[in-house]
Amino acid sequence: MPDNANSAAASLDSINQQLAESYAALSPQLKRAASYVLEHPVEMAFQSIRKTAHAASVTPSTLVRLAKRLEFESYEQFREVFQSAVQAVPVELSGRASQLKHHNRNPEEALFAEVGDAAFDNIGRLFTADNQARVKEAAERILAAQKVAVVGFRDTFACAYHFAYVGRIAMPEVTLIRGQEGGLLTELAPFNEQDVVVAFGFEPYCAETVKALEITRANGVQAIVITDTLRSPLVPGASVTFTVANATPHFFPSLLAAITLSEAILAECVAFGPDQLVDNVASFESRMRRLGAYVDIE
């Protein structure tokens with residue numbers, strides 16, 4: 001990727017982070033504008049200011065004020081960051097899923113196809129150059145940490161459990177935080193500035209997850225956050241933030257992209273970490289087989 005593109009992506013990340021950090025303090029109109037900016041980077045890149053204002057339900061002058069607040073001299077200069085950094089959403093996987101809708105099928109099969117369409121699209125949106133850079137940074141922070149706490153409650157507990165279970169096979173310092181019976185503070189107390197917390201959370205955001213991040217932030221723990229939007233209450237103070245798509249016709253947010261991202265981060269850790277991580281995986285497998293944990297197929 002060209003250096004100027006990397007610079008543009010970094011600038012867009014900076015804009016997103018500034019908006020996420022200051023969101024709570026914005027006026028209602030600026031909040032509405034900021035929400036649109038955070039969630040529609042492609043539209044920001046190519047729409048006129050009037051069309052963007054109409055789509056965001058604000059006035060053009062509100063968008064100008066938002067750009068000025070971010071220290072841009074003009075709205076056009078602000079929009080150029082999006083034009084330089086935005087990348088086309090990967091269409092191959094989502095295109096395959098879309099083809100399902102064009103095949104001959106019975107009407108009752110539509111929901112099944114829609115779930116597939118959403119799943120492929122969520123995964124397709126994950127694999128971008130800027131996320132690749134974030135995965136590398138997240139892995140580097142995890143590898144450099146003395147201990148790693150993994151947090152996710154209610155719907156995202158499955159994400160946290162998967163990350164902690166698979167991660168601990170290679171890195172014994174990975175710990176799943178359960179927070180049972182009021183033990184959240186006790187479980188998190190040992191973590192400090194030498195450590196990392198990996199936190200998962202989608203809307204509706206879990207109060208326990210927000211509390212866990214408040215506790216770890218107070219102790220200087222670096223946070224890697226996997227959430228659905230930069231307006232998430234999990235974002236402020238995070239060292240690395242991933243926003244993953246979770247759209248689905250199902251009644252609960254999809255966890256597919258978050259689980260896939262977990263696997264990408266852990267794969268990066270093993271690929272670029274010390275050889276001991278591979279030895280740990282081999283030792284785990286050997287121990288499980290010796291204990292009869294697996295059933296062999298003859």
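Reader: Why is Ser 254 called buried?

Author: In this predicted model, Ser 254 has a relative accessible area of 15%. A residue is called buried under 20% relative accessible area, exposed over 50% and partly exposed in between (1.4 Å probe, protein chains only). The 15% of Ser 254 falls under that first limit, so Ser 254 is buried. Residues are numbered from 1 along each chain as its sequence is written. As the model is predicted, local features need pLDDT of at least 70 and side-chain atom pairs count only at pLDDT 80 or more, whereas totals for chains, interfaces and linings use all residues; side-chain values use heavy atoms, with hydrogens and water left out.

Reader: What makes Asn 122 a contact of Ser 254?

Author: A contact requires heavy atoms within 4.5 Å. Once neighbours within four places in sequence are set aside, Ser 254 is in contact with Asn 122, Phe 202, Asn 246, Ala 247 and Thr 248. Ser 254 itself is found in the loop between strand 5 and helix 13.

Reader: How do you know that Ser 254 and Leu 256 form a polar contact?

Author: A polar atom of the Ser 254 side chain lies 3.3 Å from the backbone nitrogen of Leu 256. The term asks for a pair of N or O atoms within 3.5 Å, one able to donate a hydrogen and the other to accept it within protein; residues adjacent in sequence count only if both atoms are side-chain atoms. The value of 3.3 Å is within the limit of 3.5 Å, so the pair is a polar contact.

Reader: Is Phe 252 buried, partly exposed or exposed, and how do you know?

Author: The loop between strand 5 and helix 13 (256–272) also holds Phe 252. Phe 252 has a relative accessible area of 39%, which lies between the two limits, so Phe 252 is partly exposed. The C-alpha atoms of Phe 252 and Pro 204 are 9.9 Å apart, although 48 residues separate the two along the chain.

Reader: Why is strand 4 described as largely enclosed?

Author: Strand 4 covers residues 222–227, and 5 of its 6 residues are buried, so the rest of the structure largely encloses it. Here strands are DSSP runs of E with at least two residues, helices are runs of H or I with at least four, and both are numbered from the N terminus.

Reader: How do you know that strand 3 and strand 4 are paired?

Author: Two strands pair if DSSP finds at least two bridges between them. Strand 3 (residues 196–201) and strand 4 run parallel and are joined by 6 bridges, so they pair. Within this pair, Val 197 stands opposite Ala 223, and Val 196 stands opposite Gln 222.

Reader: What is the hand of the crossover from strand 3 to strand 4?

Author: The chain passes from strand 3 through helix 12 (residues 207–218) to strand 4, and this β-α-β crossover is right-handed. The term applies if, with the strands pointing away from the viewer, the path from the first strand over the helix to the second runs clockwise.

Reader: Which other strands pair with strand 3 or strand 4?

Author: Strand 1 (residues 148–151) runs parallel to strand 3, with 4 bridges joining them. Strand 5 (residues 240–243) runs parallel to strand 4, again with 4 bridges; there the bridge partner of Val 225 is Thr 241.

Reader: What makes strand 3 largely enclosed?

Author: Of the 6 residues of strand 3, 6 are buried, so the strand is largely enclosed by the rest of the structure. Val 196, Val 198 and Phe 200 point one way, whereas Val 197, Ala 199 and Gly 201 point the other way.

Reader: How many aromatic pairs are there?

Author: The count is 7 aromatic pairs.

Reader: Why is the pair of Phe 157 and Tyr 161 called tilted?

Author: Rings of Phe, Tyr and Trp (its six-membered ring) pair if their centres lie within 6.5 Å; planes under 30 degrees apart count as stacked, over 60 as edge-to-face and the rest as tilted. The ring centres of Phe 157 and Tyr 161 are 6.2 Å apart and the planes are at 40°, so the pair is tilted. Both residues lie in helix 10 (residues 157–170), 4 residues apart, about one turn of the helix.

Reader: What makes the pair of Tyr 161 and Tyr 165 stacked?

Author: Their centres are 6.1 Å apart and their planes 5° apart, which is under the 30 degree limit, so the pair is stacked. Tyr 165 is partly exposed, because its relative accessible area is 42%.
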